Amino acid sequence: MANYFKFKIQQKLPRSLARAGIISTPNGDIETPAFIIGGTKATVKGLTNDQIKASLAQAILVNTYHLMLQPGVEVLVKSEGINNFMGWDKPTFSDSGGFQVFSLGMAFKKGLDLTSSSIKGDPKHARHTKSQLAQINDDGATFRSHLDGTQYYITPEISMQLQHKIGANIHMAFDELTSPLASNEYIKTAMDRTHQWAKRSLNEHKKLNLNNTKKQALFGVVQGARIEQYRKESAQFLNSLDFDGFGIGGIFEPQEIMQVLEWTNNILDPNRPRHLLGMGSGPIDLFLGVEMGIDTFDCVAPTRQARNGALYTYEGRINIKNSRFKDDFGPIDPDCSCDCCLNYTKAYLNHLFHAHEMLGPILGSIHNEYFVISTVDKIRQSILDGTFYKYKKDFILRYYQQEIDQF
RNA sequence: GCAGGGAUAGUGAAGCGGUCAAACACGGGUGACUGUAAAUCAUCUGGCUUAGCCUUCGGGGGUUCGAAUCCCUCUCCCUGCA
């Protein structure tokens, strides 16, 4: 395997697809399973690098579309890559911009509620409209900048060129994910397009790596929505190409995680790492993903939710803005060891959020990231110890106990 | 003392005869957020037995089929002139 990228499995968990391992990059190792922190615009919103490290983060994922718009990739070239630019000396991932084909395209202003069991919206309106900012064709996708309206065109080749200029350690192939409301016919069209794009991404990536001293790894992205035949087809197709690892994309609902991963991860080469794209806010997602063979996760929910006052505890999620916390002088979670829980009270956080003080979202983000990352770390340890199933059961029972008690 | 202007829901502020329980903003309550157009969004915010009814627009009294809106008067506030 390439010297710029290695994946070593340390321990497999019996009766599952789970494993603990180590991904090696030029910027250091990632002990897996691992939660990759979302740093879309070259920043984990609100946190300094020291705070990010204190949250136990091993790696950051940035976004090609956002960095292309701002500050522009030429700045990143001049600063010799995203790590130098950010002052972040640990591993980095970059996403291809494929997600923005969706979020600025079909999902744009549709009021799509993609969460859990309640997907709302009208399939008739889930296709192209005048207002969307991204349009797709077989060659690539046109984006109209959400910042100033400038038009950009991204093909798989251009995404790879941009990602090489950004210079993260691990890149994602340019893909198209489909709306949960898409027809089977459209899912098939998008998947086939994603496969063609995967080949083109890989070819371009190899070319770029030839003349590049700081070589980068590339993951191909599996699509196929929630259709077994397509997921398997997609996994087989991507597995036949020599990607360094795989991303699994297009999952919106936590309850789909296990089924979709079972279809795909039984086919994907076990010796290459698998990244679950955009999933892993609730701890349950993490357990399910790991059990089904996921090595790395990324998700923006911990920071976004923290900014909006939703904080994780071992006894379920709370909204720190609720009036019941106005004079609650305990920590967010007495069993959490983050800076926020060790030094600040719920009453104080409640005040910061009501006063719109920026320290509120900062402390909340520190807490949520630490909570999620430390949970994945414990999951990793439980695989190494052979205590995974017990840990999972205890964790989930405790997390949902308060809800269960209500019935 | 005289002449003008003003007092509207927790706060600020629209409304100036019926479509007003009263725009809007803030504040407050609750919910959502999953490869970040997100420090955002949704929703409720006089009371009640809530497709309806009741009590509200500084106090009191009128005019009118009908008043937050017009008139009289009282209280308080602001601006001029004495």
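Which strands does helix H8 (residues 228–239) lie across? The answer is strand S11 (217–222) and strand S12 (245–248), with H8 running at about 160 degrees to S11. That's one detail of a predicted model, in which chain A is assigned two domains: domain 1 (6–94 + 154–299) and domain 2 (301–407). Here's a tour, starting with the barrel that S11 and S12 belong to.

**The barrel**

- Eight strands close into a barrel here, and going round you meet them in the order S4-S5-S6-S10-S11-S12-S13-S14.
- The pairing in this barrel is parallel, and from one strand to the next the twist averages 30 degrees.
- For a closer look at one pair, take strand S5 (residues 60–63) and strand S6 (residues 92–95): they run parallel and are joined by four bridges.
- Within that pair, Asn63 stands opposite Asp95 in S6.

**The open sheet and a hairpin**

- As a bit of background, strands of a sheet pair through backbone hydrogen bonds, and they can do so either parallel or antiparallel.
- Besides the barrel there's an open sheet of three strands, ordered S1-S2-S3, and here the pairing is antiparallel.
- S1 and S3 are the edge strands, each pairing on one side only.
- The twist in this sheet averages 15 degrees from one strand to the next.
- Six bridges hold the antiparallel pair S1 and S2, and in it Ile9 stands opposite Gly21 in S2.
- Helix H14 lies across S1, S2 and S3, and its direction is at about 120 degrees to S2.
- Further along the chain, strand S15 (residues 310–313) and strand S16 (residues 316–319) make an antiparallel pair over four bridges.
- S15 and S16 form a hairpin, with two residues between them, and Leu311 stands opposite Ile318 in S16.

**How the two domains meet**

- The centres of domain 1 and domain 2, taken over C-alpha atoms, are separated by 26 Å.
- At the contact between them, 30 residues of domain 1 touch 27 residues of domain 2.
- On the domain 1 side, the elements giving two or more residues are strand S1 (6–12), strand S2 (19–25), strand S3 (28–32), strand S4 (34–38), helix H1 (49–54) and helix H10 (283–291).
- H10 gives the most to that side, with five residues.
- Sorted by class, the side of domain 1 that touches domain 2 has 18 nonpolar, nine polar and three charged residues.

**What's packed inside**

- The largest nonpolar core has 99 residues, and those touching the most other members are Phe35, Ile36, Ile60, Val62, Ala173, Phe219 and Phe297.
- Helix H14 (residues 359–385) supplies the largest share of this core, ten residues.
- Both domains take part, as the core draws at least three residues from each of domain 1 and domain 2.
- Leaving aside residues up to four places away in sequence, Val62 touches Gly39, Thr40, Ala42, Leu67, Ile82, Thr92, Ser94, Ile166 and Ala168.
- There's also a second, separate core of seven residues, including Leu181, Met191, Ala225 and Tyr230.
- Helix H6 (residues 156–166) is mostly covered, with eight of its eleven residues buried.
- Those buried H6 residues are Pro156, Ser159, Met160, Leu162, Gln163, His164, Lys165 and Ile166.
- Right after H6 comes Gly167, which has a positive phi near 80 degrees.

**Backbone oddities to look for**

- The peptide bond from Thr32 to Pro33 is cis, with omega near 0 degrees, and Pro33 sits in the loop between S3 and S4.
- Gln70 and Pro71 are also joined by a cis peptide bond, where omega is about 5 degrees.
- You'll find Pro71 in the loop between helix H2 (64–69) and helix H3 (73–78).
- Arg15 isn't a glycine, yet its phi is positive at about 60 degrees.
- Look for Arg15 in the loop between S1 and S2; it counts as exposed because it has 8 C-beta neighbours inside 10 Å, and the cut-off for exposed is 12 or fewer.
- Leu56 is a residue other than glycine with a positive phi, near 75 degrees, and it lies in the loop between H1 and S5.
- With 19 other C-beta atoms within 10 Å, Leu56 is partly exposed, since buried would take 20 or more.

Terms used. Residues numbered from 1 in each chain as written. Chains lettered and ligands numbered in written order. Predicted model: local features only at pLDDT ≥ 70, side-chain atom pairs only at ≥ 80, totals over all residues. Core = buried A, V, L, I, M, F, W, Y, C linked by C-beta atoms within 7 Å. Domains from an automatic or database assignment. Contact = placed C-beta atoms within 7 Å. Nonpolar A, V, L, I, M, F, W, Y, C, P; charged D, E, K, R; others polar. Pairing = 2+ DSSP bridges. Axes fitted to C-alpha atoms, helices over the stretch in contact; angles between N-to-C directions.
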